[in-house]
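Biologist: I should like to go through this model with you and ask for the reasoning behind each term. Please set each value against its criterion before you conclude.

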Amino acid sequence: MAAENSKQFWKRSAKLPGSIQPVYGAQHPPLDPRLTKNFIKERSKVNTVPLKNKKASSFHEFARNTSDAWDIGDDEEEDFSSPSFQTLNSKVALATAAQVLENHSKLRVKPERSQSTTSDVPASYKVIKSSSDAQLSRNSSDTSLRNPLHKQQSLPLRPIIPLVARISDQNASGAPPMTVREKTRLEKFRQLLSSHNTDLDELRKCSWPGVPREVRPVTWRLLSGYLPANTERRKLTLQRKREEYFGFIEQYYDSRNEEHHQDTYRQIHIDIPRTNPLIPLFQQPLVQEIFERILFIWAIRHPASGYVQGINDLVTPFFVVFLSEYVEEDVENFDVTNLSQDMLRSIEADSFWCMSKLLDGIQDNYTFAQPGIQKKVKALEELVSRIDEQVHNHFRRYEVEYLQFAFRWMNNLLMRELPLRCTIRLWDTYQSEPEGFSHFHLYVCAAFLIKWRKEILDEEDFQVCWGTEDGNQGGPQAC
């Protein structure tokens with residue numbers, strides 16, 4: 001009955017943005033073990049409600065049923081009905097508590113051990129390529145050799161991370177140690193990636209609730225279509241594509257000083273220092289030179305759109321992810337001059353090709369008059385009018401146009417509204433979707449408005465609310 005109602009909802013919503021492509025994970029979201037019993041009871045109750053009463057709340061039911069998919073430890077294939085699982089929580093809790101107490105006592109007795117380990121990290125960078133089974137196993141062994149004490153120096157409660165602070169995610173150095181379930185997910189990723197032909201459908205399913213930091217670089221290369229699924233072809237493909245990119249550099253980059261390319265290069269040169277200005281990594285001259293080459297070559301090879309402000313932001317997640325393949329410390333303060341020339345060339349070429357794959361799906365966002373953005377903003381307006389008519393009418397009452405705030409959401413893919421670490425996590429899901437950066441992105445923007453609907457409905461001065469007093473479109477930071 002629930003499945004039929006779900007199908008009927010999508011049929012009723014034929015004009016809903018992105019309805020042509022199914023929302024991956026929407027019908028079968030990862031289960032939360034704490035909610036399994038209640039979910040079954042609630043499911044049976046929902047079936048008794050007439051369809052007319054459910055129409056207005058269908059989107060909210062969808063959001064509620066999929067919200068657990070963003071948990072760190074989701075795993076769809078866990079057997080939640082087994083007796084061993086039902087007793088797991090208390091045992092793990094007691095064992096974890098005992099381990100934490102023991103580790104903290106060791107830290108007090110031997111603090112110098114932790115300090116020595118920390119100081120040794122920068123000297124032990126290793127190139128971890130992902131083109132063979134042996135190299136993947138090396139990645140696994142490196143992870144197992146990390147000092148657990150180094151990861152447990154943080155306080156028991158997670159600190160509040162500022163908007164632009166740590167790029168590293170929950171599996172990075174300085175964060176709480178990985179749980180048993182996180183280790184199980186990581187092992188599952190490694191098995192998928194090391195198989196002779198990686199099952200991309202299964203990889204997308206595993207990546208939807210987030211990709212572990214250790215395997216994110218190779219996973220992103222595969223999901224973006226940059227790397228082939230066959231492991232034997234990956235090494236040659238990487239070598240060929242990297243050589244091809246630097247062939248473009250030799251062929252086109254000197255033309256940046258020519259008259260018909262000067263305007264493009266000048267705009268890129270102006271925008272690069274504005275890219276994440278509060279993160280030291282992106283203010284390094286060497287990093288800015290890399291970004292200039294990537295953006296200029298892309299603009300030359302795509303004359304229909306050329307370079308448009310906002311594209312510079314789309315390089316940063318790829319650059320950070322591929323840099324993290326060689327660096328285990330905090331990336332945001334890392335000095336890239338410590339890397340070899342070959343490492344930097346690999347990061348630059350991979351960032352270029354993956355960004356190109358992304359832009360292939362949304363290039364109409366950046367062609368003349370940016371028709372793609374115009375269509376997406378209109379689609380967002382239609383979507384919000386259906387799922388939250390009160391918010392939609394509130395905008396109309398105060399003559400707020402969606403283009404005023406949603407233009408930047410589409411142009412920069414919310415990168416100006418979210419910390420970079422959150423953008424990277426969000427892109428795990430985007431790359432797991434067939435059209436994540438175009439259609440699925442609309443639902444994320446709609447979720448923004450629903451999340452802050454109370455603040456929006458209480459607000460009357462939208463010049464302040466959307467940060468438009470200085471002429472810049474933005475998000476609901478001030479609401």
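**Buried charges and their partners**

Modeller: Let us begin with Asp350, in this predicted model. Asp350 has a relative accessible area of 1%, and it is therefore buried.

Biologist: What makes Asp350 buried, in terms of relative accessible area?

Modeller: The cut-off for buried is under 20% relative accessible area. The value for Asp350 is 1%, so Asp350 counts as buried.

Biologist: Why is the pair of Asp350 and Arg242 called a salt bridge?

Modeller: A salt bridge requires a side-chain nitrogen of Lys or Arg within 4 Å of a carboxyl oxygen of Asp or Glu. The closest N and O atoms of Asp350 and Arg242 are 2.7 Å apart, and the pair is listed as a salt bridge. Asp350 belongs to helix 17 and Arg242 to helix 13 (residues 231-252), so the bridge ties together parts that are 108 residues apart in sequence. Arg242 is buried as well, because its relative accessible area is 15%.

Biologist: Which residues are joined into one network by salt bridges that share partners?

Modeller: The network consists of Arg221, Arg242, Glu325 and Asp350. Arg221 meets Asp350 in a salt bridge of 3.0 Å, N to O. That pair links distant parts of the chain, with Arg221 in helix 12 and Asp350 in helix 17, 129 residues apart. Arg221 also meets Glu325, at 2.7 Å, N to O. Glu325 lies in the loop between helix 16 (316-323) and helix 17, and Arg221 in helix 12 (residues 216-223), so this pair ties together parts that are 104 residues apart in sequence.

Biologist: How do you know whether Arg221 and Glu325 are buried or exposed?

Modeller: Arg221 has 2% relative accessibility and therefore counts as buried. Glu325, at 11%, counts as buried too. In the whole structure, the search finds 16 salt bridges.

**Helix 17 and the core**

Biologist: How do you know that the span of helix 17 agrees with its number of residues?

Modeller: Helix 17 covers residues 341-361, which is 21 residues. At 1.5 Å a residue it should span 30 Å, and its end C-alpha atoms are 31 Å apart, so the two values agree.

Biologist: Why is helix 17 described as largely enclosed by the rest of the structure?

Modeller: Of its 21 residues, 15 are buried, and the description therefore follows. For the protein chain, buried residues make up 49% of the 479 residues.

Biologist: Which residues have the most contacts inside the largest nonpolar core?

Modeller: They are Leu281, Leu323, Met355 and Trp427, in a core of 102 residues. Leaving out residues up to four places away in sequence, Leu323 touches Leu281, Val331, Phe334, Val336, Leu339 and Ile347.

**Two loop residues**

Biologist: What makes Asn412 buried and Glu401 exposed?

Modeller: Asn412 has 4% relative accessibility and so counts as buried. Glu401 has 52%, and exposed begins over 50%, so Glu401 counts as exposed. Asn412 is placed in the loop between helix 20 (402-411) and helix 21 (420-430). Glu401 is found in the loop between helix 19 (389-397) and helix 20.

Biologist: Which residues does Asn412 contact, leaving aside its neighbours within four places in sequence?

Modeller: Asn412 is in contact with Gly310, Asp313 and Leu314.

**Cysteines and confidence**

Biologist: How many disulfides does the rule count?

Modeller: The count is zero. A disulfide would require a pair of cysteine sulfur atoms within 2.5 Å. As for individual cysteines, Cys445 is buried, because its relative accessible area is 0%. Cys422, at 26%, falls between the cut-offs of 20% and 50%, and so counts as partly exposed.

Biologist: What is the mean pLDDT of the protein chain, and where is pLDDT below 50?

Modeller: The mean is 75, and 61% of the residues reach 70 or more. Residues 109-174 have pLDDT below 50, although the model gives this stretch 102 contacts beyond near neighbours in sequence. Residues 468-479 also stay under 50, with 38 contacts beyond four places in sequence. Where pLDDT is low, the predicted coordinates should not be read in detail.

Biologist: How many helices and strands are there in the protein chain?

Modeller: There are 24 helices and zero strands.

Key:
Residues numbered from 1 in each chain as written. Predicted model: local features only at pLDDT ≥ 70, side-chain atom pairs only at ≥ 80, totals over all residues. Heavy atoms only, no water. Helix = DSSP H or I, 4+ residues; strand = E, 2+ residues; numbered from the N terminus. Expected span 1.5 Å × (residues − 1). Buried < 20%, exposed > 50% of the residue type's maximum accessible area, 1.4 Å probe, protein only. Core = buried A, V, L, I, M, F, W, Y, C linked by side-chain atoms within 4.5 Å. Contact = heavy atoms within 4.5 Å. pLDDT = per-residue confidence, 0-100.
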